[in-house]
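Q: I am new to this structure. Please take me to one part of it, look at it closely, and then show me how the surroundings are built.

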Amino acid sequence: MKITIVMGFFLPVPALAGGATEKIWHRLGELMADAGHEVLIISRRWPKLANQESHGNLTHLRIPGMNHTRFLVSNLLLDLLWGFKVMRALPAGDIVICNTVTLPIFLRWLKPSSGHVAAVLGRMPKGQIRAYSNVDLLLATSTAVADEARRENPKISSRIFKFPNPADWHLHANASTQGAVPGGPVVIGYIGRIHPEKGLEQLLAAAINLTRHQDLPAWEVRLIGPVAVGQGGGGEEYRDSLEQEYSSALGARLRFVPPVFDNGALAQLYGELDVFCYPSLAAKGEGLSIAPIEAMSAGAVPVVSKLDCYRDLIIPEENGFQFDQTKPDAVEVLTEILQRLLENPDLRQRCAEQAQNTARRFDYSETACQLLTEFDKRVSP
């Protein structure tokens, strides 16, 4: 097959400036090329990256993009402009995978020679599925995303394929045996965008509650990830506000760590975590983030908010924990969960092992085969 993967307008591929989507689809592109398919990845032009280059069956085409903004309307307009740029560059092919919002709306009409259109639904739909009636395949990252897509446009139900974000399970599992420091503090970590929608205030408020329990083993909180708006963060002012509000109470227990974009180095950071807390507030946004899957692969116990997307991942009290981020007592419940995990190393170990076993089914090798099988169904006469 001739497969084109269209990325968004503001980050490069490879993921030199971050981006879970960029990392995921670059790796999937490599695997599909290794399987003998002709793969083209279209992404944003970036300094020190060639405008066009090929590696075996995989070709990169990089065209001028734009910076991400704080404003949804502006980003949608930039996404639309990007879609028209991409469409002009698209060759004839069999499948076009769109990691964009607006391009799937008009691509099948305006350039049918580019192939069957597959739209990736990495986040909860926000009405765009009503305009996707001409899309051939929708890749939904969770059951919750698939259900919402069906609700928005029941006519395309048969074209929805649940395709959760994959992770490099072996890379992270190996890191889990190397990262922890014997006798060191229990590390409660978050890896992702430093953004208000991620609920970091609830995690930090729970951490302050933990300081009132003097009998706990040594522990610390690490917040790791991009801050800049151009990388999807909430900006330096937001990060500074968190430091100002919580650093005085937490002291050396709180560490902000800059983002790491090298896959191996990032896996090592996951491997250093004992507990991974992802307290996202984005009920209308999260599709099933890759970060909890990577953390579970690395042997960290996931503690996540009670979003519908995590139904596909978390079995409470077995491979992780959830708390209802919308309730008035959310911080108290989160505190209790973290306290239990700090006090009970056997509980941490048992849940970590189950989490790692669960995450194995999300490995790239498994998901790439599933994806190619689904594409073949669409392309074959």
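A: Start with Ile188, which lies in strand β9. Strands (E, at least two residues) and helices (H or I, at least four) are DSSP runs, numbered from the N terminus. The model is predicted: local features need pLDDT of at least 70, side-chain atom pairs need 80 or more, and totals for chains, interfaces and linings use all residues. Residues are numbered from 1 along each chain as its sequence is written, and side-chain values use heavy atoms, without hydrogens or water.

Is Ile188 buried or exposed? At 1% relative accessibility, Ile188 counts as buried (under 20% relative accessible area; exposed is over 50%, partly exposed in between; 1.4 Å probe, protein chains only). Beyond four places in sequence, Ile188 touches Leu203, Leu210, Trp219, Glu220, Val221, Arg222, Val275, Cys277, Leu338 and Leu342. Touching, or contact, means heavy atoms within 4.5 Å. Val301 is 113 residues away from Ile188 in sequence, yet the two C-alpha atoms are 9.3 Å apart in space.

Now widen the view to the sheet. Strand β9 belongs to an open sheet of six strands, ordered β11-β10-β9-β12-β13-β14, with parallel pairing. Two strands pair if DSSP finds at least two bridges between them. The edges are β11 (254-257) and β14 (321-323); each has a single partner strand, so one side of each lacks a neighbour in the sheet. On average, neighbouring strands here are turned by 20° against each other, direction ignored. Helix α6 (residues 200-210) lies across β9 (186-191), β10 (219-224), β11, β12 and β14. The helix runs at about 165° to β10. Axes are lines fitted to C-alpha atoms, for helices over the stretch in contact, and angles run from 0 to 180 degrees between N-to-C directions.

Move along the sheet. Strand β12 (residues 275-278) pairs with β13 over four bridges, in the parallel sense. One residue of this pairing is Phe276, whose bridge partner in β13 is Pro302. Ser305 also sits in β13 (residues 301-305). Ser305 has a relative accessible area of 0%, so this residue is buried. What does Ser305 touch, leaving out residues up to four places away in sequence? Its contacts are Tyr278, Pro279, Ser280, Tyr310, Gln322, Phe323 and Gln325.

Cysteines come next. Cys277 is one of the contacts of Ile188. How many disulfides are there? The count is zero, a disulfide being a pair of cysteine sulfur atoms within 2.5 Å. Cys309 has its closest cysteine sulfur in Cys277, at 14 Å, too far for a bond. The sulfur of Cys351 also has its closest cysteine sulfur in Cys277, 14 Å away, and that is too far for a bond. Cys309 is buried at 2% relative accessible area. Cys351 is buried too, at 0%.

Two more contacts of Ile188, Leu338 and Leu342, lead to a helix pair. Helix α10 (residues 330-343) and helix α11 (residues 345-359) have axes that come within 5 Å and cross at roughly 100°. That makes α10 roughly perpendicular to α11 (65 to 115 degrees; under 35 is roughly parallel, over 145 roughly antiparallel, the rest oblique). Arg340, Leu341, Leu342 and Glu343 of α10 meet Pro345, Leu347 and Arg348 of α11. Those residues divide into four nonpolar, no polar and three charged. Ala, Val, Leu, Ile, Met, Phe, Trp, Tyr, Cys and Pro count as nonpolar, Asp, Glu, Lys and Arg as charged, and the others, Gly among them, as polar.

For context, look at another sheet. Eight strands form an open sheet with mixed pairing, in the order β3-β4-β2-β1-β5-β6-β7-β8. Its edges are β3 (52-55) and β8 (160-162), each with a single partner strand, so one side of each is left without a neighbour in the sheet. Neighbouring strands are turned by 20° on average, direction ignored. At one edge, four bridges join β3 to β4 (residues 58-63), and the two run antiparallel. His55 stands opposite Leu58 in β4. Helix α2 (residues 72-89) packs on this sheet and touches β1 (2-6), β2 (38-44) and β4. Its direction makes about 135° with that of β4.

Towards the other edge, strand β6 (residues 116-121) runs parallel to β7, joined by four bridges. Ala119 has Leu138 as its bridge partner in β7. Three bridges then join β7 to β8, also in parallel, and Leu138 has Ile160 as its partner in β8. Strand β7 (residues 137-140) is covered on both faces. Leu137 and Leu139 are buried on one side, Leu138 and Ala140 on the other.
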